[in-house]
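This explanation leads the reader through helix packing and internal space in one protein chain. Please keep the sequence and the model in view while reading.

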Amino acid sequence: MPSYKIALVPGDGIGPEVVDEGRKVMDSLAAQDQGMAFEYTSFPWGSDYYRETGKMMAEDGLEQLAAHDAILFGAVGDPHIPDHITLNGLILPIRRGFDQGVCLRPAYLHEGVTSPLSGFGPGEIDMAVFRENTEGEYSNMGGFLYQGSADEVSTQTSVFTRRGTERIIRAAFEHARKRNKKRKVTSVTKSNAMAYGMVFWDRVFQEVAREYPDIETESLLVDRACMDFVRGPQWFDVVVASNLFGDILTDIGAIITGSMGLAPSANVNPEGAYPSMFEPVHGAAFDITGKGVANPLATILAVAMMLDHLGRPDAADRINAVVEENLRQGRVRTPDLGGNASTSQVGDEIVRLLGEG
Ligand code: GGG
């Protein structure tokens, strides 16, 4: 019987609350399905760990994680520690260190969920955003000169490599073929103003597109893309963007499909040399931390993406179907979706529905 080694990194804020529910769902699948088992290791990394040790994760953290089949991540961020320390100390080193260059973030309007945009019914917003995940604007190259003086200078360099750029664009085209919906890929840049890295991106996009004559293509500037996500989200199918633009676009994608609490994310090392990492798109959400009201469905949907990645599309489909059913029924839902259920009540309901199926 396959037993999957899962690293749990709950992290900060509501991360531990939602990861607990993700684990609950995996435990329930394992209890029902003799063909699946999970072995967990939980890592206490994050902002409290930083307060104790001065580090967001252990020095040999990547080595410890490497022994796992996949990572389930919660959230990172703390109201009392600067975000560039928390982010650059935990999640970004994992994405970069494990070469998780392909980030897939689906945005789907589920039945039973109301979009803040009027006139959209179930499935009428349905896109997959591919975010380049290890370089671009997040390359962490730069520095300060004459720091603290009146003449202070800072630089922040964006890096676009052929390997990274081609890899994310190709992943987007492959996905457009696989999901076989509008068969369209939209590339998002700002190449009118960023005349090196993003002109290079546009060129690579055109080159890769030639290998996919069956897929319609479109190139948009990021300002236009943000506008179109709001005024015409139905026009999109697969979207591919740089690290920063992909991050911004997927927050819009999450909110127009009803809630940040419904958006999952996969950080994939396509070559399979390292574990991939799965997480909700949302962050630590200090305003609701500890109140037990965080929506766990983004994390539960991330668990489905993880199982699909591990070669268990059967289990992923079951989770997706049950989440769909929970949202359709609308009986047990957290306050972000207009309900009054707690985080754990939603997790329990997903387990109950899994048991029925
Ligand atoms: N669960 C994801 C998370 O904690 N995200 C925090 C965040 O702000 N991330 C920025 C990014 O992914 O670029």
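The paragraphs below treat three helix contacts, then a pocket and a cavity. The model is a predicted one.

A convenient place to begin is the contact between α1, residues 15-32, and α10, residues 297-309. The axes of α1 and α10 come within 8 Å and cross at roughly 50 degrees. That angle makes α1 oblique to α10, and the crossing of α1 and α10 is right-handed. On the α1 side, the contact is made by Val18, Val19, Glu21, Gly22, Val25, Met26 and Leu29. On the α10 side, Thr299, Ile300, Val303, Met306 and Leu307 take part. By class, the residues of this contact comprise nine nonpolar, two polar and one charged.

The next contact joins α6, residues 162-179, to helix α7, residues 197-209. Here the packing angle is about 45 degrees, and the axes lie 10 Å apart. The two helices, α6 and α7, are therefore oblique to each other. Their crossing is right-handed. From α6, the residues that meet α7 are Arg162, Thr165, Glu166, Ile168, Ile169, Arg170 and Phe173. Their partners in α7 are Phe200, Trp201, Arg203, Val204, Phe205, Glu207, Val208 and Ala209. The contact of α6 with α7 divides into nine nonpolar residues, one polar residue and five charged residues.

The third contact involves α11, residues 313-329, and helix α12, residues 343-356. The axes of α11 and α12 come within 9 Å and cross at roughly 115 degrees. As for handedness, the crossing of α11 and α12 is right-handed. Arg318, Ile319, Val322, Val323, Glu325, Asn326 and Gln329 are the α11 residues in this contact, and they meet Glu349, Ile350, Leu353 and Leu354 of α12. Six nonpolar, two polar and three charged residues make up the contact of α11 with α12.

Attention now turns from packed helices to empty space. Rolling a probe the size of a water molecule over the atoms shows where such space is left.

Which elements supply the lining of the largest pocket? At least two lining residues come from each of β4, β5 (126-132), α6, β11 (264-268), α10 and α11. Of the helices already described, α10 thus appears both in the contact with α1 and in this lining. The element that gives the most to the lining is α6, with six residues. The largest pocket holds about 1,100 Å³ of space. It is lined by 37 residues, of which Leu104, Pro106, His175, Met305 and Asp308 are the closest to its centre. The lining of the largest pocket consists of 22 nonpolar, six polar and nine charged residues.

Enclosed space is a separate matter. How many cavities of 30 Å³ or more does a search of the whole structure find? The search finds one. The largest cavity contains about 40 Å³ of space. Its lining is formed by Arg105, Pro106, Ala107, Val129, Thr250, Gly253, Ala254, Ala263, Pro264 and Val281. Both β4 (102-108) and α9 (243-256) supply at least two of these residues. The lining of the largest cavity comprises seven nonpolar residues, two polar residues and one charged residue. Pro106 is worth locating in the model, since this residue is listed in the cavity lining and also among the residues closest to the centre of the largest pocket.

Technical notes: Residues are numbered from 1 along each chain as its sequence is written. This is a predicted model: local features need pLDDT of at least 70, side-chain atom pairs count only at pLDDT 80 or more; totals for chains, interfaces and linings use all residues. Side-chain values use heavy atoms; hydrogens and water are left out. Axes are lines fitted to C-alpha atoms, for helices over the stretch in contact, and angles run from 0 to 180 degrees between N-to-C directions. Helices (H or I, at least four residues) and strands (E, at least two) are DSSP runs, numbered from the N terminus. Angles under 35 degrees count as roughly parallel, over 145 as roughly antiparallel, 65 to 115 as roughly perpendicular and the rest as oblique. A crossing is left-handed if the near helix is turned anticlockwise from the far one by less than a right angle, and right-handed if clockwise. Contact means heavy atoms within 4.5 Å. Ala, Val, Leu, Ile, Met, Phe, Trp, Tyr, Cys and Pro count as nonpolar, Asp, Glu, Lys and Arg as charged, and the others, Gly among them, as polar. On a 1 Å grid over the protein atoms alone, a cavity is a set of points where a 1.4 Å probe fits but cannot get out, and a pocket is an open set with protein on both sides within 12 Å along at least five of seven lines; lining residues have an atom within 4 Å of a point. Grid points are joined across faces, edges and corners, and a volume is the space filled by probe spheres set on the points.
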